[in-house]
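Q: I am new to reading structures, and I would like a close look at one part of this model: its buried interior. Please go slowly and explain each term when it first comes up.

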Amino acid sequence: MRALWHPERTRATLAATLLGQLGDLRAVPSLIEAALHARDFGVQEAAVRSLGQLQDPRAIPALALLLRMEAPLPVRLAAVEALGAFHDPRAREALRGALNDPSEAVRAAARAAWRTTALEEASHHVKG
């Protein structure tokens, strides 16, 4: 987890990616910190993608914040994708906010994620 702050960008990005692949939820707080505060947007993006893989609900407020603070475009796109993986009303609310993002790419990704989560939610209600 210390490698998230390595001065060499490629090492920090690799660390963020590997932490998501390992599936260890102990990495979530460190990944949230990197997603919000890393100086390199590549590291932020990798941390966000890993948070989406881990699907720990503790990440939802940070992912939503990245959308509201207008992080770099690749980070916002990754945040939308990550939020779309959660089955949580807070994630859906953050996606709703992303429907008004200044970037058409983010708005389009948010619409797609919104539709997917709406379909999953409807399917869950039919089964339940």
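**Inside the model**

A: Let's start with T13, which is buried, with a relative accessible area of 19%. Here "buried" means under 20% relative accessible area, "exposed" means over 50%, and "partly exposed" is in between (1.4 Å probe, protein chains only). This is a predicted model, where local features need pLDDT of at least 70, side-chain atom pairs count only at pLDDT 80 or more, and totals for chains, interfaces and linings use all residues. Residues are numbered from 1 along each chain as its sequence is written, and side-chain values use heavy atoms, leaving out hydrogens and water.

You will find T13 in helix α1; helices (H or I, at least four residues) and strands (E, at least two) are DSSP runs, numbered from the N terminus. Leaving out residues up to four places away in sequence, T13 touches G42, V43 and A46, where a contact means heavy atoms within 4.5 Å.

Now move to the largest nonpolar core. This core holds 38 residues, and L31, V48, L51, L63, L66, V80 and L83 are the ones that touch the most other members. The elements giving two or more residues to this core are α1 (9-22), α2 (28-37), α3 (41-54), α4 (60-68), α5, α6 and α7. A nonpolar core is a set of buried Ala, Val, Leu, Ile, Met, Phe, Trp, Tyr and Cys residues joined through side-chain atoms within 4.5 Å. There is a broader pattern to keep in mind: in soluble globular proteins, nonpolar side chains tend to be buried together.

Try following L31 through the core. Not counting residues up to four places away in sequence, L31 touches L4, A16, L19, A47, S50, L51 and L54. L51 is worth picking out of that list, since L31 and L51 are both among the core residues that touch the most other members. L31 also has buried company in its own helix: in α2, the buried residues are V28, L31, I32, A34, A35 and L36. What covers these buried residues of α2 includes α1, α3 and α4.

Next, find A110 in helix α7. A110 counts as buried because its relative accessibility is 0%. If you again set aside residues up to four places away in sequence, A110 touches V80, L95, A98 and L99. V80 may sound familiar, as V80 is one of the core residues that touch the most other members. You can also check a distance from A110: its C-alpha is 8.1 Å from the C-alpha of G84, and these two residues are 26 residues apart in sequence.

Charged residues can be part of this picture too. R92 is found in helix α6, and R92 counts as buried because its relative accessible area is 15%. R92 lies over the face of W114, at 3.8 Å from the ring centre. A charge sits over a ring if NZ of Lys or CZ of Arg is within 6 Å of the ring centre and within 35 degrees of the ring normal.

Another pair to look at is D101 and R76, both of them buried. D101 and R76 form a salt bridge, with their closest N and O atoms 2.9 Å apart. This pair links distant parts of the chain: D101 is in the loop between α6 (89-98) and α7 (104-127), while R76 is in helix α5 (residues 73-84), 25 residues apart. A salt bridge is a side-chain nitrogen of Lys or Arg within 4 Å of a carboxyl oxygen of Asp or Glu. By this rule, the count comes to eleven salt bridges.

For contrast with the buried pair, look at R96 and E93. Their salt bridge has its closest N and O atoms 2.9 Å apart, and both residues lie in helix α6, three residues apart, about one turn of the helix. An α-helix has 3.6 residues a turn, so residues three or four places apart point the same way. R96 counts as partly exposed because its relative accessibility is 43%, and E93 is partly exposed too, at 45%.

Finally, visit P74 in helix α5, which is partly exposed at 28% relative accessibility. Leaving aside neighbours within four places in sequence, P74 is in contact with F41 and E45. From E45 you can step on to a network of salt bridges, in which E45, R49 and E81 are linked. To relate P74 to L31, take their C-alpha atoms: these are separated by 16 Å, with the residues 43 apart along the chain.
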